[in-house]
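Subject: Handover of a structure and notes on its contents

Dear colleague,

Please find the structure below, together with the sequence. My notes follow it, arranged by region so that you can read them with the model open.

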Amino acid sequence: MTTNVILLGPPGAGKGTQAKTLAERTSLSHVASGDLFRAALREGTELGMLAKSYMDRGELVPDEVVINMILERIQAPDCLAGVIFDGFPRTREQAVALGESLAAHDGKIDAVLYLSVPNEVLLRRIAGRQTCKTCGATYNIYYFPSHRPGICDACGGKLYQRSDDSMETAQHRLDVYFEQTMPLIEYYQRQGILHEIDGQREITWVNEEMLKALSQYLVTSPQPEE
Ligand code: AMP
């Protein structure tokens with residue numbers, strides 16, 4: 001059985017963190033458009049360079065580019081059981097293209113999990129975010145700091161701030177979200193597949209709520225011991 005899930009929500013809502021855990025606990029693949037762009041940039045590809053020019057300004061990469069990248073990615077064998085979409089779709093055009101492509105293969109979006117977080121919390125969440133260069137673990141200098149500043153607790157790697165996470169770019173990314181992505185809440189609500197989850201609650205609570213919302217579609221494995 002194929003299950004496709006979208007994690008919807010503003011930058012800083014916790015989509016990446018939640019998607020990672022959900023993927024570990026289900027047979028679904030985590031497909032994050034932002035991660036794919038950052039990987040392309042590390043590899044120095046044309047796609048990466050193009051995406052960077054938009055990402056650095058907090059703008060959206062053009063629909064056609066993102067849509068082609070994602071539709072190609074979900075053809076890979078690891079996506080056969082289904083996908084957790086993180087950061088995609090972000091516009092109505094992207095949502096329509098995704099729906100049409102899945103329908104062409106007898107698939108559909110089964111559920112959209114909308115992580116709601118009050119605006120005032122989002123800026124600190126984004127601008128305080130730090131990521132480990134070595135293992136990708138994420139921290140937040142306000143809410144979840146590493147024990148030693150700038151050093152990853154898990155592997156001792158160096159922490160860095162994403163170039164599009166500065167306060168100014170973060171604010172712009174939020175504005176772009178409100179204008180271009182928020183209409184998708186209503187779009188999926190009308191389809192009867194939207195589940196709103198309080199993204200301000202603690203990480204494990206949010207993850208359990210997500211699994212509950214998906215329980216009718218999924219076979220899950222128990223939470224790994226900490
Ligand atoms: P994220 O890691 O999801 O916060 O994405 C980082 C940046 O990548 C965004 O600010 C955009 O510039 C670009 N990006 C990621 N996903 C999309 C998308 N679905 N549509 C357009 N641009 C995107």
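A polar contact is a pair of N or O atoms within 3.5 Å. Please keep this cut-off in mind for the ligand, and note also that the model is a predicted one.

The ligand

Three arginine side chains may serve as a starting point. A polar side-chain atom of Arg 162 lies 3.1 Å from an oxygen atom of the ligand. In the side chain of Arg 38, an N or O atom is 2.9 Å from an oxygen atom of the ligand. For Arg 90, the partner is a nitrogen atom of the ligand, which is 2.9 Å from an N or O atom of the side chain. On its own, the ligand has 480 Å² of accessible area, and the protein covers 95% of it.

There are 16 residues around the ligand, and those that come nearest are Ser 33, Arg 38, Glu 59, Gly 87 and Arg 173. Which element gives the most to this shell? It is helix 2, with 4 residues.

Helix 2

Helix 2 spans residues 33-42, and its buried residues are Ser 33, Gly 34, Phe 37, Arg 38 and Ala 40. These residues lie on the same side of helix 2, because they cover an arc of only 160° around the axis. Their packing partners are strand 2 (29-32), helix 3 (46-55), helix 4 (63-73) and strand 3 (82-86). Ser 33 and Arg 38 thus appear both among the buried residues of helix 2 and among the residues that come nearest to the ligand. Just after the helix, Gly 44 takes a positive phi of about 70°.

Two backbone details

The loop between strand 3 and helix 5 (92-104) contains Pro 89. A cis peptide bond joins Pro 89 to Phe 88, with an omega of about -5°.

The loop between helix 5 and strand 4 (111-116) holds Asp 106. Asp 106 is not a glycine, yet it has a positive phi of about 60°. Is Asp 106 buried or exposed? It is exposed, with a relative accessible area of 78%.

The annotated lid and the four cysteines

An unreviewed UniProt entry annotates residues 129-164 as "domain: Adenylate kinase active site lid". In the model, this span is 0% helix and 25% strand, and its end C-alpha atoms lie 11 Å apart.

UniProt, again in an unreviewed entry, places the feature "binding site" at Cys 132, Cys 135, Cys 152 and Cys 155. Although they are spread over 24 residues of sequence, these cysteines cluster in space, with a largest C-alpha distance of 8.6 Å.

Two of them may be examined in turn. Cys 135 sits in the loop between strand 5 (129-132) and strand 6 (138-140). Its relative accessibility is 38%, so Cys 135 counts as partly exposed. Leaving aside neighbours within four places in sequence, Cys 135 is in contact with Cys 152, Ala 154 and Cys 155.

Cys 152 belongs to the loop between strand 6 and strand 7 (159-160). With a relative accessible area of 2%, Cys 152 is buried. Not counting residues up to four places away in sequence, Cys 152 touches Cys 132, Cys 135, Ala 137, Tyr 139, Gly 157 and Leu 159.

With kind regards

How values were computed:
Residues numbered from 1 in each chain as written. Predicted model: local features only at pLDDT ≥ 70, side-chain atom pairs only at ≥ 80, totals over all residues. Heavy atoms only, no water. Buried < 20%, exposed > 50% of the residue type's maximum accessible area, 1.4 Å probe, protein only. Arc of directions from axis to C-beta. Contact = heavy atoms within 4.5 Å. UniProt positions renumbered as here; feature names shortened; annotations may be inferred. Near = heavy atom within 4 Å. Polar contact = N/O pair within 3.5 Å; in protein donor to acceptor, adjacent residues only side chain to side chain. Areas by Shrake-Rupley, 256 points an atom, 1.4 Å probe, with all protein chains shown as cover.
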